[in-house]
Amino acid sequence: MAEDLQQLRAAIDALDVEILKLINQRAAHAQTIGRLKNGTVYRPEREAQVLRRIKELNPGPLADETAARLFREIMSACLALEKPLSVAFLGPLGTFSQAAAQKHFGHAAVPMPCASIDEVFRDVASGNADYGVVPVENSTEGAINRTLDLLQDTPLKICGEVALRIHQHLLRKVPGLDDVAVLYSHSQSLAQCHEWLNSNLAKVPCVPVASNAEAARLAAADPAALAIAGDAAAELYDLHRLVENIEDEPNNTTRFLVIGKHDATPSGQDKTSLLMSAHNRPGAVVELLQPLARHGVSMTKFESRPARSGLWEYVFFIDLEGHRDEPQVAAALAELQDKAAFLKILGAYPVGVL
């Protein structure tokens, strides 16, 4: 038994040496590509293609998602050799927005926590950050209206998306539920855990705060306080996970958008997001949908918001399957340009891989 273990460990050591050598060879090639590139260092379509290929080729026993995450981090480290990317997100550190940013860009990216979604947009628009990651919709709570409103006016483009499973944990500085005085969390997390809280902590006052990370910080400073937050906040503030996954909806997922000064070229599996409004006449909205049906373009999102231009006027946020440069999508968009009172393409980008 001891001899078998020694042989297996020796084999692993030899593999580690080979893996290290190959990773550095990849990094050297990435550096060479970086020197040959003109303009944008980060290419979301290329990274999506690589991650899809890894998942398709993965023989196991690692899960496809695990293999893709490993390569995501390798690509992140290689990209940082060219230029470390700064990524703005709704802070502070330890939020789900940071977790989404790390999922998409890897841990080699430079985190830039912001006080508001507005600040994320401003930092990217001003060049203070290379990219931003902002929440746009939650499977339980619906659209994030502030993000939709800001997309109306910004010159920035959507260049990616991230789907993050939201797992909420009950956290505390000390173990157990004795002598609890208060529970802190973001209002949306409180809503997502409403039934669990009613069944298990109905008598504990719930106090909404600016973020789950702030809730964790408050709980770390007060042994009588509880917090609802995710893994990142629990680790950052060294809190006990008293109960894990207390969200009422087990498939609770938040979709985030990656915003920057460019979108992406076709990757093979893409979305196009756009904003448009209809003329004020009967059947105008139906007219807007006809070009999509005529050209066989599937719509995956249709969300209305009040327009900034006048009272009782609305704009529609739409996600289409396919890249705006693909023939059928381009043909539908050309027709929409003539039929819509206003049309703005927000970006074309790869469908989220991880």
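A strand is a run of at least two residues that DSSP assigns as E, and strands, like helices, are numbered from the N terminus. The legends below use this numbering and describe a predicted model.

**View A. The second largest cavity and the strands and helix that line it.** The space inside the second largest cavity amounts to about 70 Å³. Its lining consists of 14 residues, and those nearest the centre are S273, K301, F317, D319 and L346. Five elements each supply at least two residues of this lining: the helix α6 (145–153) and the strands β11 (253–260), β12 (270–277), β14 (314–321) and β15 (342–350). Strand β14 provides the largest share, namely three residues. By class, the lining of the second largest cavity comprises 10 nonpolar residues, one polar residue and three charged residues.

**View B. The largest cavity and the residues around its centre.** The whole structure contains three cavities of 30 Å³ or more. The largest of them holds about 190 Å³ of space. It is lined by 18 residues, among which L51, H104, E161, G352 and V353 are the closest to its centre. At least two lining residues come from each of α2 (44–57), α4 (96–105) and β5 (157–165). The largest share belongs to β5, which contributes five residues to the lining of the largest cavity. In terms of class, this lining has 11 nonpolar, three polar and four charged residues.

**View C. The largest pocket and its lining.** The largest pocket encloses about 540 Å³ of space. There are 21 residues in its lining, and R69, A99, Q102, K103 and L164 lie nearest the centre of the pocket. The elements α3 (64–82), α4, β5 and α10 (231–236) each give at least two residues to this lining. Two of these names recur from View B: α4 and β5 also each supply at least two residues of the lining of the largest cavity. The lining of the largest pocket divides into seven nonpolar, seven polar and seven charged residues.

**View D. The contact between helices α11 and α12.** Two packed helices are described by the angle between their axes and the distance between the axes. Helix α11 spans residues 284–294 and helix α12 spans residues 327–339; their axes come within 9 Å and cross at roughly 165 degrees. An angle over 145 degrees counts as roughly antiparallel, and α11 and α12 are therefore roughly antiparallel to each other. The crossing of α11 with α12 is right-handed. On the side of α11, the contact is made by E287, L288, P291, L292 and R294, while α12 takes part through A332, E335, L336 and K339. Five nonpolar and four charged residues make up this contact, with no polar residue.

**View E. The contact between helices α5 and α6.** Helix α5 covers residues 117–126, and its axis comes within 9 Å of the axis of α6, with a crossing angle of roughly 35 degrees. The handedness of this crossing is right-handed. Residues I117, D118 and F121 of α5 meet R146, T147, L150 and L151 of α6 in the contact. Sorted by class, the contact of α5 with α6 includes four nonpolar residues, one polar residue and two charged residues. Helix α6 also appears in View A, where it supplies at least two residues of the lining of the second largest cavity.

Note on methods:
Residues are numbered from 1 along each chain as its sequence is written. This is a predicted model: local features need pLDDT of at least 70, side-chain atom pairs count only at pLDDT 80 or more; totals for chains, interfaces and linings use all residues. Side-chain values use heavy atoms; hydrogens and water are left out. Axes are lines fitted to C-alpha atoms, for helices over the stretch in contact, and angles run from 0 to 180 degrees between N-to-C directions. Helices (H or I, at least four residues) and strands (E, at least two) are DSSP runs, numbered from the N terminus. Angles under 35 degrees count as roughly parallel, over 145 as roughly antiparallel, 65 to 115 as roughly perpendicular and the rest as oblique. A crossing is left-handed if the near helix is turned anticlockwise from the far one by less than a right angle, and right-handed if clockwise. Contact means heavy atoms within 4.5 Å. Ala, Val, Leu, Ile, Met, Phe, Trp, Tyr, Cys and Pro count as nonpolar, Asp, Glu, Lys and Arg as charged, and the others, Gly among them, as polar. On a 1 Å grid over the protein atoms alone, a cavity is a set of points where a 1.4 Å probe fits but cannot get out, and a pocket is an open set with protein on both sides within 12 Å along at least five of seven lines; lining residues have an atom within 4 Å of a point. Grid points are joined across faces, edges and corners, and a volume is the space filled by probe spheres set on the points.
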